[in-house]
Amino acid sequence: MASVIVQAVVILLDVIAFGLGVAAEQRRSKATVTPDAAKEYDYCVYDSDIATGYGVGALLLLAAAQVVLMTASRCFCCGRGLKPGGSRACALILFLFTWGTFLIAEACLLAGSVRNAYHTRYRGIFYGESLSCETVRKGVFAAGAAFTFFTAILGEVYYLSYSKSRDAAGGAPYGGSSIGMGPYN
């Protein structure tokens with residue numbers, strides 16, 4: 001039987017991570033080019049940097065949810081054996097897809113957070129070149145939030161399939177002992 005507590009904790013962490021990812025997308029930094037008082041050079045003025053904190057928070061909560069899920073399922077490969085069949089095959093496929101979407105979500109959230117925290121400072125305009133105030137692209141945090149959502153769904157279904165296969169295997173490892181051992185004479 002799948003643990004309701006594990007499912008609730010994982011869903012809660014994933015939902016909060018998703019919300020922080022969406023909030024980071026809404027609050028990402030924007031910049032304006034501003035000349036100095038003497039009009040000798042231009043510089044970039046950035047607004048709030050709260051999206052970096054939201055992105056890092058989403059990254060950490062998603063990682064915590066993945067750790068809870070993998071600890072509860074013993075990362076699929078450790079622990080007692082699972083009963084062969086559809087549930088085990090489904091759990092294996094979902095395990096791989098869960099890790100794939102998790103890594104993509106983490107990469108998007110990390111890249112967005114790093115890029116949002118990067119601010120170009122004072123740059124003069126030389127030879128008529130325009131000043132570029134670099135910011136994070138629109139949609140980076142949204143992609144991280146979307147893959148967080150996919151990770152949450154796949155993780156829950158993975159845990160249910162894993163639990164079903166584990167419970168079907170019974171108390172002893174599937175098939176029992178494969179080598180009959182007797183006393184040595």
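Me: What makes β1 and β2 a pair of strands, and which residue between them takes a positive phi?

Reply: In this predicted model, the hairpin of β1 and β2 has 6 residues between the strands, and Lys 39 takes a positive phi near 60°. Two strands pair if DSSP finds at least two bridges between them, and here 5 bridges join β1 (residues 31–35) to β2, the two running antiparallel; one of the residues concerned is Val 33, whose bridge partner in β2 is Cys 44. Helices (H or I, at least four residues) and strands (E, at least two) are DSSP runs, numbered from the N terminus.

Me: How should the numbers and values be read?

Reply: Residues are numbered from 1 along each chain as its sequence is written, and side-chain values use heavy atoms, with hydrogens and water left out. Because the model is predicted, local features need pLDDT of at least 70 and side-chain atom pairs count only at pLDDT 80 or more, while totals for chains, interfaces and linings use all residues.

Me: Which residues of β2 lie on the covered face, and which on the uncovered one?

Reply: In β2 (residues 42–46), Asp 42, Cys 44 and Tyr 46 form the covered face, whereas Tyr 43 and Val 45 form the uncovered one. In a regular strand the side chains alternate between the two faces of the sheet.

Me: Why are α1 and α2 called roughly antiparallel?

Reply: The axes of α1 and α2 (residues 50–72), lines fitted to C-alpha atoms over the stretch in contact, with angles from 0 to 180 degrees between N-to-C directions, come within 8 Å and cross at roughly 160°. Angles under 35 degrees count as roughly parallel, over 145 as roughly antiparallel, 65 to 115 as roughly perpendicular and the rest as oblique, and α1 and α2 are therefore roughly antiparallel to each other. The contact (heavy atoms within 4.5 Å) includes Leu 13 and Ile 16 of α1 and Leu 61 and Leu 62 of α2.

Me: Why is Thr 148 called buried, and what does Thr 148 touch?

Reply: Buried means under 20% relative accessible area, exposed over 50%, and partly exposed in between (1.4 Å probe, protein chains only); Thr 148 has a relative accessible area of 1%, so Thr 148 is buried. Thr 148 has its place in α4 (residues 140–169), and, not counting residues up to four places away in sequence, touches Asp 14, Ala 17, Phe 18, Leu 62, Ala 105 and Leu 109.

Me: Is Ile 16 buried or partly exposed, and how do you know that?

Reply: Ile 16, in α1, has 38% relative accessibility and therefore counts as partly exposed.
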